[in-house]
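Dear colleague,

Please find below the structure that I am handing over to you. I would be grateful if you could keep it open while reading the notes that come after it.

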Amino acid sequence: PRVVCFGGDGDPTPSSAPCVLDLATWRWSAPLASGDERVGRRPQWRRTHAAAAVGEEVWMIGGATSSSFLNDIWVLDIAEEGQERWSLADDDPAAGPRFARRASHSATLVGSDRLILFGGYNGHQLSDLWSISIGGSRRDR
């Protein structure tokens with residue numbers, strides 16, 4: 001089992017690299033996860049995002065940078081040590097409407113195929129509820 005951390009506020013500068021704690025050895029690593037080849041990048045640094053473990057993946061949703069709120073969904077595949085990679089999960093317009101940009105929200109895995117996204121803040125307190133399909137990243141309000 002592993003614990004994965006990403007983003008947050010740090011000193012001296014914030015990092016956009018994931019950190020992984022192996023619970024068997026109690027050793028930290030900072031894998032250089034490859035970016036999504038389709039979009040040519042990795043997720044940007046952020047804080048107050050939501051994340052949920054889905055099998056051998058970590059789904060990261062929204063959050064805030066130092067200048068804006070986000071509404072993207074990134075997936076970090078951690079199945080194979082040394083082969084970690086990011087993919088952008090929500091780049092299909094056919095997946096349904098996109099939820100508002102937000103931070104300080106929650107994401108909860110329900111069963112093995114659905115994330116429930118609730119609330120947050122984007123200058124206004126949010127109280128909406130979204131269902132995100134794991135397989136096809138379908139979004140429903």
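The notes below describe a sheet, a surface patch and one aspartate with its contacts. Please bear in mind that this is a predicted model.

The sheet

Three strands form an open sheet in the order β1-β2-β3, and their pairing is antiparallel. The edges are taken by β1 (2–5) and β3 (27–29), each of which pairs on one side only. From one strand to the next, the twist averages 20 degrees. Four bridges join β1 to strand β2 (residues 19–22) in the antiparallel sense. To see the pairing at the level of residues, you may look at V4, whose bridge partner in β2 is V20.

The surface patch

Strand β1 also contains V3. Together with L23 and W26, V3 forms a nonpolar patch on the surface, and the three have about 300 Å² of accessible area together. Is V3 itself buried, partly exposed or exposed? Its relative accessibility is 34%, so V3 counts as partly exposed; the partly exposed class lies between the limits of 20% and 50%.

The aspartate D128

Elsewhere in the chain, D128 belongs to strand β10 (residues 125–133). D128 is buried because its relative accessible area is 11%, and buried means under 20%. Which side chains does the side chain of D128 touch through polar contacts? One such contact is with the side chain of R102, at 2.8 Å. Another is with the side chain of W130, also at 2.8 Å.

Yours sincerely

How values were computed:
Residues are numbered from 1 along each chain as its sequence is written. This is a predicted model: local features need pLDDT of at least 70, side-chain atom pairs count only at pLDDT 80 or more; totals for chains, interfaces and linings use all residues. Side-chain values use heavy atoms; hydrogens and water are left out. Two strands pair if DSSP finds at least two bridges between them. Helices (H or I, at least four residues) and strands (E, at least two) are DSSP runs, numbered from the N terminus. Axes are lines fitted to C-alpha atoms, for helices over the stretch in contact, and angles run from 0 to 180 degrees between N-to-C directions. Patches are made of residues with over 30% relative accessible area and no salt bridge: like charges are joined within 9 Å, nonpolar side chains (Val, Leu, Ile, Met, Phe, Trp, Tyr) within 5 Å. Accessible areas come from the Shrake-Rupley method with a 1.4 Å probe; for residues, only the protein chains shown count as cover. A salt bridge is a side-chain nitrogen of Lys or Arg within 4 Å of a carboxyl oxygen of Asp or Glu. Buried means under 20% relative accessible area, exposed over 50%, partly exposed in between (1.4 Å probe, protein chains only). A polar contact is a pair of N or O atoms within 3.5 Å; within protein, one must be able to donate a hydrogen and the other to accept it, and residues adjacent in sequence count only if both atoms are side-chain atoms.
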